[in-house]
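Thanks for asking me to take a look at this one. Have the model open while you read, and click along as we go.

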Amino acid sequence: MRLLGGELLKLVKRPGTWITLGIFLGILVLLFVAVGASYNAIVKAPAGQGGGRETTAAIRSLLSFPGAYASVAGFIGSIGGLFAIVFGASAAGSDWGWGMIKVAVSRGESRTRYILAKLVAVLVLLVPAVLVGAIVGLGAVVVAASISGIGVAGAGDPGAVASLPSLAVRTWLALCEQAAIGFAIATLARSQIAGLGVGIGIYFVESFAAGFWPEWVRYLPFSVVNSLLREPGSIGGGVDVGGGAAQLARSTIDQTTALVLVLAYLVASAVISAIALERAEITG
Amino acid sequence: MTLASGSPTGGGAGSVPHSPSVVAGAAGGSHTGAPLAFATRGLRKAYGSTPALVGLDLSVPQGIVYGFLGPNGAGKTTTIRCLLGLIRPDGGTMELFGRPFTARERHRLEQVGSLVESPAFYPYLSGRDNLRVIGSAGAATPRRRVEEVLELVGLSDRAGDRVGGYSMGMRQRLGIAAALLSDPRLLVLDEPANGLDPAGIVAMRETLRYLAAQGKTVFVSSHILPEIQQLADVVGIIDRGRLVREGPLDRMLGETGHVRVRVPPEATGAAREALERFAGRDAVWEGAAQTDDGWITVRVAPSRSGDVNRALAASGIYATALESGSDLESLFLSLTGST
């Protein structure tokens with residue numbers, strides 16, 4: 001707990017933590033408000049322009065409650081995943097950059113315990129990040145729904161409200177997995193920049209590859225997040241917005257399998273980080 | 001006492017008894033005095049194909065200040081990294097407080113405080129928060145200990161400021177505070193005087209002597225030879241990854257005194273020949289640490305300065321200046337072939 005407390009203190013007081021969260025929330029708000037603002041323009045556009053009925057249906061699905069809960073979770077899990085990679089990579093990589101690894105190790109601290117405490121601190125801080133992201137995201141949906149005239153009816157749907165805790169936990173797990181991957185890459189590379197670059201690179205390569213080999217890519221770390229967060233009838237949580245049912249079936253897996261895979265990637269990242277630090281020669 | 005002040009506020013140098021020198025053997029030999037805080041036997045380490053340590057035998061007795069000297073690239077920092085578990089030696093053994101020390105026993109480093117190379121801190125955290133974070137790893141550190149070490153290094157007033165705004169000297173003092181956090185039995189400091197002003201250096205010297213008088217072992221790696229000469233009880237000199245000399249400083253200096261003479265520049269060659277006939281070719285060199293031309297150094301006991309002068313006079317050369325003494329610099333230069 002002592003070690004975890006130290007790691008939390010570091011992260012909470014680090015400007016980069018708040019900057020990352022601030023940019024993420026800004027993008028989240030911007031996205032929903034922009035979608036809401038564009039709705040009326042599309043509806044009023046002459047036939048054949050603006051995307052037509054499919055687009056307006058997609059926007060309605062995105063902004064209408066109770067489906068909007070999953071939409072927000074989906075955006076937090078996917079776009080927020082990029083920021084989780086950044087957060088995880090910078091938490092692990094900055095210690096190498098500032099030479100703080102040698103300070104902890106030379107005090108007799110177990111390398112494994114040290115790196116795991118650092119990772120746990122990252123995962124703990126993702127809890128308030130998810131909650132704040134959900135509050136801000138839902139606020140943005142309400143604003144967007146009001147702008148577009150869609151309204152917020154259905155927000156109090158008992159079934160949807162009851163499923164919110166499960167949705168929040170799955171969203172948190174999705175961010176944890178992605179943060180852990182960035183964390184592991186930065187630990188392996190001993191560099192914050194390398195962690196960021198490689199982590200984000202893999203994210204986009206995987207998204208790109210999903211267009212060619214969806215039946216394989218759906219098992220990869222960033223794609224399983226989409227399956228984990230997908231709610232029946234929702235749009236969020238996927239990069240495959242607008243895809244047909246057949247394509248959706250090919251590019252996603254069932255939620256239980258997704259959960260197992262997310263946990264597996266999370267644990268594997270933790271193990272890789274621990275092994276990398278145990279074997280590292282600390283010369284910097 | 002505080003590193004920020006040249007005059008200690010208590011327990012300063014004047015009141016600190018100089019620790020008794022421990023009899024140390026030659027390189028690879030065993031000490032016969034106090035038990036050892038740290039020792040290496042045949043320690044080897046290479047970075048790729050470049051050897052850094054080639055069978056280092058080091059014996060650091062407990063309760064003394066040990067000066068660890070060597071030219072750049074001699075293997076000083078590699079030795080410290082091995083001791084602190086940062087890198088794995090390729091061969092040889094290490095002992096910590098009389099027991100074999102391996103990578104599996106890293107927890108025993110809780111008895112060791114260290115400052116390796118430049119001090120590392122989080123620039124966005126205050127000095128106090130940095131110490132709290134550092135104290136969260138390894139040995140348990142009570143909160144009051146953080147305040148104690150801040151007071152000790154004279155940083156209490158600036159403890160709430162971000163380290164990013166600290167001067168180099170303040171960072172160095174905070175690094176020493178971090179090394180002292182766990183109240184270690186063995187303190188390992190790599191160039192601790194870096195960035196300190198003269199008053200800070202004096203105060204640091206007094207602090208380290210005070211710690212040694214309390215029974216702690218202080219292992220100081222430094223390039224500042226006069227600093228080590230004023231501070232250390234036992235000195236180890238390393239060159240090309242191997243220990244070339246180790247022993248009590250007083251005894252070493254007693255064995256390796258020197259006499260320096262200054263002669264007119266036109267007589268330098270003849271004077272050198274005369275002195276080589278007197279003391280032997282290997283015992284005479286020009287310049288050394290002196291910056292002026294015309295200085296010749298002869299490695300003989302300081303008590304023989306009259307004989308040196310007579311040898312010159314017998315050759316018709318008269319010294320314009322003569323000085324004698326024992327200093328670590330001469331010893332270091334002669335042992336490491338750095339002249």
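Here are my notes, point by point.

1. First, the ground rules. This is a predicted model, in which local features need pLDDT of at least 70 and side-chain atom pairs count only at pLDDT 80 or more, while totals for chains, interfaces and linings use all residues. Residues are numbered from 1 along each chain as its sequence is written, chains are lettered from A and ligands numbered from 1 in the order in which they are written, and side-chain values use heavy atoms, with hydrogens and water left out.

2. Chain A is helices and nothing else by way of regular elements: twelve helices and zero strands. (Helices are DSSP runs of H or I with at least four residues, strands are runs of E with at least two, and both are numbered from the N terminus.) Of its 284 residues, 49% are buried, where buried means under 20% relative accessible area, exposed means over 50%, and partly exposed is in between (1.4 Å probe, protein chains only). Take the contacts in chain A between residues at least 6 apart in sequence: 83% of them join residues at least 24 apart. A contact here means heavy atoms within 4.5 Å.

3. Chain B mixes its elements, with ten helices and 14 strands. Its 339 residues are 55% buried. The surfaces are worth a look side by side: chain A has about 12,000 Å² accessible, 73% of it from carbon and sulfur atoms, while chain B exposes about 13,500 Å², with carbon and sulfur supplying 48%. These areas come from the Shrake-Rupley method with a 1.4 Å probe, and for residues only the protein chains shown count as cover.

4. Two residues to click on in chain A. A:Thr171 sits in helix H7 and counts as buried because its relative accessibility is 3%. Leaving out residues up to four places away in sequence, A:Thr171 touches A:Ala73, A:Ile76, A:Gly77, A:Val130 and A:Leu229. A:Ala153 is in the loop between helix H6 (111-148) and helix H7 (158-189), and is exposed at 66%. The C-alpha of A:Ala153 is 6.3 Å from that of A:Phe65, although 88 residues separate them in sequence.

5. Over in chain B, strands E1 (residues 36-47) and E2 (residues 50-61) run antiparallel, joined by nine bridges; strands count as paired if DSSP finds at least two bridges between them. B:Ala39 has B:Ser59 in E2(B) as its bridge partner. Two residues lie between the strands of this hairpin, where B:Gly48 takes a positive phi near 65°.

6. What covers the buried residues of H2(B)? Seven of the nine residues of this helix (residues 127-135) are buried, so the rest of the structure largely encloses it. The cover includes H1 (2-12) and H5 (100-106) of chain A, together with H3 (143-152) and H4 (168-180) of chain B.

7. Finally, the empty space. The whole structure has three cavities of 30 Å³ or more, and the largest holds about 180 Å³. Of the 18 residues lining the largest cavity, the closest to its centre are A:Val103, A:Ser106, B:Ser114, B:Leu115 and B:Ala178. E6(B) gives the most to that lining, with four residues. (A cavity is a set of points, on a 1 Å grid over the protein atoms alone, where a 1.4 Å probe fits but cannot get out; lining residues have an atom within 4 Å of a point. Points are joined across faces, edges and corners, and a volume is the space filled by probe spheres set on them.)

Key
1 Å grid on protein atoms, 1.4 Å probe; cavity = no way out; pocket = protein on both sides within 12 Å on 5 of 7 lines; lining within 4 Å.
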